[in-house]
Protein chains: 2
Amino acid sequence: MRATLMYGAGDVRIENVPDSVIKQPTDALVRITGSCVCGSDLHPYASMKPEDGPARMGHEFLGIVEATGPEVTTVKKGDLVVAPFAISDNTCEFCREGLHTSCIHPQANFWDGEPDEGGQAEAIRVPLADGTLVKLPVAPDSALIPSLLTLSDVFGTGYHAALMGGVNERTRVTVIGDGAVGLLAVLSAKRLGAEQIILMGRHQTRTDLGREFGATDVVSTRGEEGIDAVRALTGGHGTHVVLEAVGHMPAYEQALGVVRAGGVISRVGVPQYEDAPVGFGSLFGRNIRLAGGPAPVRAYIEELMPDILDGTIEPGKVFDATTDLDGIPAGYQDMADRKSLKVLVKP
Amino acid sequence: MRATLMYGAGDVRIENVPDSVIKQPTDALVRITGSCVCGSDLHPYASMKPEDGPARMGHEFLGIVEATGPEVTTVKKGDLVVAPFAISDNTCEFCREGLHTSCIHPQANFWDGEPDEGGQAEAIRVPLADGTLVKLPVAPDSALIPSLLTLSDVFGTGYHAALMGGVNERTRVTVIGDGAVGLLAVLSAKRLGAEQIILMGRHQTRTDLGREFGATDVVSTRGEEGIDAVRALTGGHGTHVVLEAVGHMPAYEQALGVVRAGGVISRVGVPQYEDAPVGFGSLFGRNIRLAGGPAPVRAYIEELMPDILDGTIEPGKVFDATTDLDGIPAGYQDMADRKSLKVLVKP
């Protein structure tokens, strides 16, 4: 079968790889009908060393179950399913609390931790299929597919940011980043009733979509200038919640600048740093809280799906390009060049 | 009048200084009847450079109002009052939300930011007296004075840690540090109903008091050994909440080691570092939250006082030594040497 491999920064290739097959009695084999390139894939695309590759790519997908191991009970051959970016059993104490990304099952993992599988491919072996996969009640050619595909990562991740930030109807929110996660953090903050949603982003086509998703204000400047603009929009004090959907240190510093005393910085952009300012002059002195992490999107699929199915929301609007497998390398480059917001892949 | 000045690390002196006097119409002049040395005073006592001194010391006190400016309405001459370690107007939007340490009044400040005043002295000028001072309904020689004095900082600070950590009856808690704040964080976690309270501390007389305050377990080891011990007490996963009452980097690292995935590290020990690990390998990957800061103890005085007045709790047990002003330099040294837990000063 064909799959996507990254050999190093800027070097993505489509190659023939051994067919994925069932290995464990709890596995399912899924023929992928929809996948995509993630903003987080752009981090290794910018910096991966050749000695760390090649790596199978892709952690967002939906598809049709082709086969199941003998212990799988919740999905069957022919079902259309979506998979979160984390494999989990959905039964351990952490999963029961909704923290599937900390599932303690020995096979629990991120897709990036499965060296022989990836979502940007023709097929995939799904471990812990009962816990991981969720059946979709639509046909594989439904117009809702792009929106349902966002349940695998970007919508659930934006929603996690807003939830961990404690967004409610008395909350002013700043969203840092106009990528797919940032825009869906806007949609999520709107869904939770935020009083004000300030989107910080520099790409007008994206921030226009952000306004459509619920942003009340857009700030296109960055650094001190951007911080001043947000403060001017909030009576000088900044916002109660900042949703940080980038992951680079300048975004963290910007979050410190726009967050209100006593507020929360909720991070879902994967940090490209380990150490950051948290002392008296940054978080501590003003009682700023830091929250977030890899989203347990499995916990949110059932909650978010109904609004997609009935057309209330259309998170799939973040896809502005579609390609087949052969177009994936160009899709990475287009996203890195900010020509594409998010690329949908139909293998 | 006589007051305490720090000239540098290890150099604390009692000297004659100009008498404190009313300067603003919102000031009160307080004759101090009870004060103390704070664990946070030990940070400059360990590291202060002579060029940064001399500094007036003391931010915890109670006393009798001697005079008030013409705009003061809530306290009057002869009242016994307690003051929080932060000056605030108690009316701005942050004070109304209970975050008095971020009061936006131009005169709002920490006592450490008032160069000509300090609580380890015979008297003190209290700015924003209506917002800052709280009248105590006891006589100046009441046996409750030591406990009421803890409302100025250490009890409210321990309580802030527990509140910001979200402690409730379904919460397992680790408290790092057996100083006065750590022990009163134990008492606070107990008050909020914590299911389990593990106190990490090495001084048995202190941890014995911690048990009296509600600790269910004591871990006297530190570093990896201490982390392993806490994990052994919690089914391997650590505790939902960690109350960090030290402020040094090893305590932060210990907190990372004992906190459960999805849990909270609530810091009230003043950080003696600015940068700390917060990336994928520390906070982010396991969705650990970071909370805390300087406690708005003014917000908690009315809430915590009744249990002191009726004898339900006795936070004043953290005082294990009493001195007059002349004994303050030795008090600092005894606390630094861990011979005294907390020194009560009767000027």
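Let's start with two helices of chain A, H6 (residues 180-191) and H7 (residues 204-213), in what is a predicted model. Their axes are 8 Å apart and make an angle of about 15°. Angles under 35 degrees count as roughly parallel, and H6(A) and H7(A) are therefore roughly parallel to each other. Their crossing is right-handed. On the H6(A) side, the residues that meet the partner helix are A:Leu183, A:Val186, A:Leu187 and A:Lys190. Facing them from H7(A) are A:Arg206, A:Leu209, A:Gly210 and A:Phe213. Sorted by class, this contact has five nonpolar, one polar and two charged residues. If you look at the numbering of those residues, it helps to keep a general point about helices in mind. An α-helix has 3.6 residues a turn, so residues three or four places apart point the same way.

Now over to chain B for another helix, H9 (residues 249-258). Which of its residues are buried? They are B:Ala251, B:Tyr252, B:Gln254, B:Ala255, B:Leu256 and B:Val258. These buried residues have plenty to pack against in chain B: the strands E11 (172-176), E12 (196-200), E14 (239-244), E15 and E16, along with helix H8 (223-232).

The backbone has a few spots worth a stop. In chain A, the peptide bond from A:Gly53 to A:Pro54 is cis, with omega near -5°. You'll find A:Pro54 in the loop between helix H1 (42-47) and strand E4 (55-56) of chain A. Chain B has a cis peptide bond as well, running from B:Gly53 to B:Pro54, again with omega near -5°. B:Pro54 sits in the loop that joins helix H1 (42-47) to strand E4 (55-56) of chain B.

Two asparagines of chain B catch the eye for another reason. B:Asn90 is not a glycine, yet its phi is positive, near 65°. Its place is the loop between strand E7 (86-87) and helix H2 (93-96) of chain B. Is B:Asn90 buried or exposed? The cut-off for a buried residue is 20 or more other C-beta atoms within 10 Å, and B:Asn90, with 20 C-beta neighbours inside 10 Å, therefore counts as buried. B:Asn287 also has a positive phi, of about 55°, without being a glycine. Look for B:Asn287 in the loop between strand E16 (275-277) and strand E17 (289-292) of chain B. B:Asn287 is buried too, because 22 other C-beta atoms lie within 10 Å.

Finally, how do the chains fit together? In general, two copies of a chain are related by a rotation about an axis and a shift along it. Here, a turn of 180° and a shift of 0.0 Å along the axis lay chain B on chain A with an RMSD of 0.0 Å. That is the relation of a two-fold axis. Of the residues of chain B, B:Leu290 comes closest to this rotation axis, with its C-alpha at 2.5 Å.

The contact itself takes 31 residues from chain B and 31 residues from chain A. Strands E15 (259-267), E16 and E17 of chain B each supply at least two residues of the side that touches chain A. The largest share, four residues, comes from E17(B). By class, this side of chain B has 15 nonpolar, 10 polar and six charged residues. And 100% of the interface residues of chain B are also interface residues in chain A, so the copies meet through the same surface.

Key: Residues numbered from 1 in each chain as written. Chains lettered and ligands numbered in written order. Predicted model: local features only at pLDDT ≥ 70, side-chain atom pairs only at ≥ 80, totals over all residues. Axes fitted to C-alpha atoms, helices over the stretch in contact; angles between N-to-C directions. Parallel < 35°, antiparallel > 145°, perpendicular 65-115°, else oblique. Left-handed = near helix turned anticlockwise from the far one by under 90°. Contact = placed C-beta atoms within 7 Å. Nonpolar A, V, L, I, M, F, W, Y, C, P; charged D, E, K, R; others polar. Buried ≥ 20, exposed ≤ 12 C-beta atoms within 10 Å, placed from the backbone. Least-squares fit on C-alpha atoms with pLDDT ≥ 70 in both.
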